[in-house]
Amino acid sequence: MSELVPGGNLPLPGGAVTVRVPGPFDVSALITDDGGKVRGDGDFVFYNQPSAPGAALRGDTLTVDPQGLRAGATRVTVVVSAAEPGTPLGRLPVPAVQVADAAGRPVARFVPPRPREETVLLLAEIYRRGDRWRLRALGQGYADGLAGLARDFGVDIVEDDTVTPAVSPPTPAHGAYGRTGGVSGSAVRTAGPRPPSAPAPDVFLGLVNSARAAAGSSPVSLDTRLASAAQAHAGAMAAAGRLGVETRDGVSVYQRVIVAGYPYITVGELLVSGPRTPPEFVQYCLRTEQPRRTLHDPAFTHAGLAHVSGGPSGDTFWTALWARPLSPAELARTAADVIDLTNRERARAGLPALAADTALTAAAQAHSADMVARDFYSHTAPDGSKPWDRAAAAGASRRSIGENIACGQRSPAEVVEGWMNSPGHRANILKPDFTHIGIGFAGGGRAGTYWTQLFGA
């Protein structure tokens, strides 16, 4: 598999190819000829028009069969925008393009430079040169969003915020994609769950904090960012007709929290269907062990709640989010707690304590953040770097390097316990030769939390 850089290109195998962009994005495609302009509405493939001759979009994956494209088509440009309208791409994980052949074998991967204020990004293009089709990595963004897309490709964008309801009010899709080439097309889905209603926040907060006080926990306050993320996730679950931490659009509830602008040091979620009112929802939580522990958890300082009714099942889907915000002090405290718990395990084994090392800490923190940003979970990064490569790049001069990683654990105690219950990770923690340690933590991604423990001797 080839790792491409901006402008890099390579020949494609014969037959269809798939182009996947996982994460909190909308994937689109523009089909053009050598002039670089769309010819009509059928040349724009997106969530409301997911197919055209030779191109089909399903979720985060675009399938392109070059031989099936319309007559005269010589280029298919892959476009991404944020699933949440108007969100700058710089606030999201970097969109990584994964290209595979018809048999599913990886062909190429491209990770563009991190966008900043851009809201639309041209990621890659499949184009014809002579009698061969090739792939080119792009990475061009538009700070003016769809206006820039319209300028370059001749797409007529319509801001359409209204529609006559049929049975129930429709839900706007993801933004203002409208018409291409002057042919009208709907920018609004005409079926789906009813928009989220405000679930009586004062009632909810009073019930929650009364229950927390009875358990000896400090009160939480409502946070509009968490409420926004909860609304987005409840709506996605209702549209799919099922509960899930990750919905069928490939976006996790944790990614929605980060996109909403709430970086966290710890997070909890309660995903429930059935209750009709906030009191019923809270009563359900108090009757059920795991939700009750989450509601009572003293680590949380903020909460957000939303519910959506409708969708294919007609049920009411609830999302409650609980979190504590990330700060430099919280990050330092969390790292110190992991080191302390690690050294307690070493003391039990009669081993000397590990000392914190700034270079190892920098490398560990960068790796945790990278796993969130590039949506992977591995000791080997997508660029091929290994733990010792990252340590050396951060300035560490240790002769021996070891690494433990983990994802999904909500606290230092939970992550250290998990490592100690795994023979390989336990061996790193209790290796006599190691003398120094660095800890990394990042919230977000599919798993919610990503931990890195880097050892040096």
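Let's start with Tyr284. Leave aside residues up to four places away in sequence, and Tyr284 touches Val272 and Pro291. Keep in mind that this is a predicted model. Val272 sits 12 residues from Tyr284 along the chain, and their C-alpha atoms are 9.0 Å apart. Tyr284 itself belongs to helix H5. Is Tyr284 buried or exposed? In between. Its relative accessibility is 26%, so Tyr284 counts as partly exposed. The cut-off for buried is under 20%.

Now the helix around it. H5 covers residues 278–287, and it packs against H6. The two axes are 5 Å apart, at an angle of about 110°. That makes H5 roughly perpendicular to H6. Which residues make the contact? From H5, they are Val282, Tyr284, Cys285, Leu286 and Arg287. From H6, they are Glu289, Pro291, Arg292, Leu295 and His296. So Tyr284 and Pro291 turn up again here, one on each helix. By class, the contact of H5 with H6 has 6 nonpolar residues, 1 polar and 3 charged.

H6 takes us to the second largest pocket. Helix H6, residues 289–296, supplies at least two residues of its lining. So do strand E15 at 264–273, helix H7 at 328–348 and helix H10 at 412–420. Which element gives the largest share? E15, with 6 residues. The lining of this pocket has 21 residues in total. Nearest the centre lie Thr266, Asp297, Ala299, Phe300 and Arg410. The volume of the second largest pocket is about 370 Å³. And the chemistry of the lining? It divides into 7 nonpolar, 6 polar and 8 charged residues.

Next, the closed spaces. How many cavities of 30 Å³ or more does a search of the whole structure find? It finds 3. The largest cavity has a volume of about 60 Å³. Its lining draws on several parts of the sequence. Pro22, Gly23, Pro24 and Phe25 are there. Pro93, Val94 and Ala96 line it too, along with Gln255. Val372, Ala373, Arg374 and Asp375 complete the list. By class, the lining of the largest cavity has 8 nonpolar, 2 polar and 2 charged residues.

Pause on one of those, Asp375. It is not a glycine, yet its phi is positive, about 55°. Where is Asp375? In the loop between helix H8, residues 358–373, and helix H9, residues 387–393. Its relative accessible area is 24%, so Asp375 is partly exposed.

Stay with H8 for a moment. Ala369 is in that helix. Ala369 is partly exposed as well, with a relative accessible area of 35%. What is the C-alpha to C-alpha distance from Ala369 to Gly440? It is 8.0 Å, with their positions 71 residues apart in sequence.

That brings us to the whole chain. It has 11 helices and 21 strands. There are 457 residues, and buried residues make up 51% of them. What about sequence separation in the contacts? Take contacts between residues at least 6 apart in sequence. Of those, 69% join residues at least 24 apart.

To recap, two places to look at on screen. One is the H5 and H6 packing, with Tyr284 and Pro291 in the contact. The other is the largest cavity, with Asp375 in its lining.

Note on methods
Residues are numbered from 1 along each chain as its sequence is written. This is a predicted model: local features need pLDDT of at least 70, side-chain atom pairs count only at pLDDT 80 or more; totals for chains, interfaces and linings use all residues. Side-chain values use heavy atoms; hydrogens and water are left out. On a 1 Å grid over the protein atoms alone, a cavity is a set of points where a 1.4 Å probe fits but cannot get out, and a pocket is an open set with protein on both sides within 12 Å along at least five of seven lines; lining residues have an atom within 4 Å of a point. Grid points are joined across faces, edges and corners, and a volume is the space filled by probe spheres set on the points. Helices (H or I, at least four residues) and strands (E, at least two) are DSSP runs, numbered from the N terminus. Ala, Val, Leu, Ile, Met, Phe, Trp, Tyr, Cys and Pro count as nonpolar, Asp, Glu, Lys and Arg as charged, and the others, Gly among them, as polar. Axes are lines fitted to C-alpha atoms, for helices over the stretch in contact, and angles run from 0 to 180 degrees between N-to-C directions. Angles under 35 degrees count as roughly parallel, over 145 as roughly antiparallel, 65 to 115 as roughly perpendicular and the rest as oblique. Contact means heavy atoms within 4.5 Å. Buried means under 20% relative accessible area, exposed over 50%, partly exposed in between (1.4 Å probe, protein chains only).
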